Amino acid sequence: MTFFEEQLEQGIFQICYCGNCNDTIWPPNEICHTCNNKTNWKKSANFGKILEFSKKESLYFGLIEIDEGIRVLGEITSKSIPEVGQSVRMSVSFDSKPHYSFIVENN
Ligand SMILES: [Zn+2]
């Protein structure tokens, strides 16, 4: 299990970044693909915005861009129909693969 996966299992989304390039590395990698420096980690604030979504049976799924500039797919929980651009809070877990889920804020 990687550090990233271990952290997901604890509900923490770690952002991998290169301090030399001042850039986010996604997917996470120990080495920056641009400058070959060792990368660092910082905890995500777990907020993002809906880029697009679709409905599958009674569930909403969407592509979310989190504030650190990373795009992930996951289930969206909302009391009403979600909207593109809406702010969401992210929860993460790991169960043989990463799971991302999103709750619409101010709803
Ligand atoms: Zn770099």
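This is a short tour of a predicted model, stop by stop, with a selection to make at each one.

**Stop 1: the two domains**

Start by colouring residues 3-43 and 47-104 separately, since the domain assignment of the protein gives these as domain 1 and domain 2. Taken over C-alpha atoms, the centres of the two domains are 21 Å apart. Where they meet, eight residues of domain 1 are in contact with nine residues of domain 2. Which element gives the most to the domain 1 side of this contact? Select residues 3-9: that is helix α1, which contributes three residues. By class, the domain 1 side that touches domain 2 has four nonpolar, two polar and two charged residues.

**Stop 2: the sheet of three strands**

Stay in the first part of the chain and show the strands as cartoon. You will find an open sheet of three strands, in the order β2-β1-β3, with antiparallel pairing. Its edges are β2 (23-24) and β3 (40-43), each of which pairs on one side only. Now select residues 14-18, strand β1, which runs antiparallel to β3 and is joined to it by four bridges. To see how these two strands line up, pick Ile 15 and look across to Lys 42 in β3, which stands opposite.

Keep Ile 15 selected and add Cys 16, Tyr 17 and Cys 18: these are among the five residues of the second nonpolar core, which is separate from the largest one.

**Stop 3: the loop between β2 and β3**

Next, follow the chain from β2 into the loop that leads to β3, where Pro 27 is found. What kind of peptide bond joins Trp 26 and Pro 27? The bond is cis, with omega at about -5°. Further along, Asn 36 sits in the loop between β2 and β3 as well. Check its backbone: phi of Asn 36 is near 65°, a positive value in a residue other than glycine. Is Asn 36 buried or exposed? Asn 36 counts as exposed because there are 9 C-beta neighbours inside 10 Å, and the cut-off for exposed is 12 or fewer.

For context, most residues other than glycine have a negative phi, and most peptide bonds are trans.

**Stop 4: the barrel**

Move on to the second part of the chain and turn the view until you can trace the closed sheet. Five strands close into a barrel in the order β4-β5-β6-β8-β7, and their pairing is mixed. On average, neighbouring strands here are turned by 45° against each other, direction ignored.

Select residues 47-56 and 59-66, which are strands β4 and β5; they run antiparallel and eight bridges join them. Lys 49 is a handy marker, as it stands opposite Glu 65 in β5.

Between these two strands lies a loop that holds Glu 57. Phi of Glu 57 is near 55°, again a positive value in a residue other than glycine. Glu 57 counts as exposed because there are 4 C-beta neighbours inside 10 Å.

**Stop 5: the largest core**

Finish by showing side chains for Ile 50, Phe 53, Ile 64, Ile 66, Ile 76, Val 88 and Phe 102, the seven residues of the largest nonpolar core. Strands β4 and β5 each supply at least two residues of this core.

Centre the view on Ile 50. Not counting residues up to four places away in sequence, Ile 50 touches Gly 62, Ile 64, Ile 76, Pro 82, Glu 83, Val 84, Gly 85, Gln 86 and Val 88.

Conventions:
Residues numbered from 1 in each chain as written. Predicted model: local features only at pLDDT ≥ 70, side-chain atom pairs only at ≥ 80, totals over all residues. Domains from an automatic or database assignment. Contact = placed C-beta atoms within 7 Å. Nonpolar A, V, L, I, M, F, W, Y, C, P; charged D, E, K, R; others polar. Pairing = 2+ DSSP bridges. Axes fitted to C-alpha atoms, helices over the stretch in contact; angles between N-to-C directions. Core = buried A, V, L, I, M, F, W, Y, C linked by C-beta atoms within 7 Å. Buried ≥ 20, exposed ≤ 12 C-beta atoms within 10 Å, placed from the backbone.
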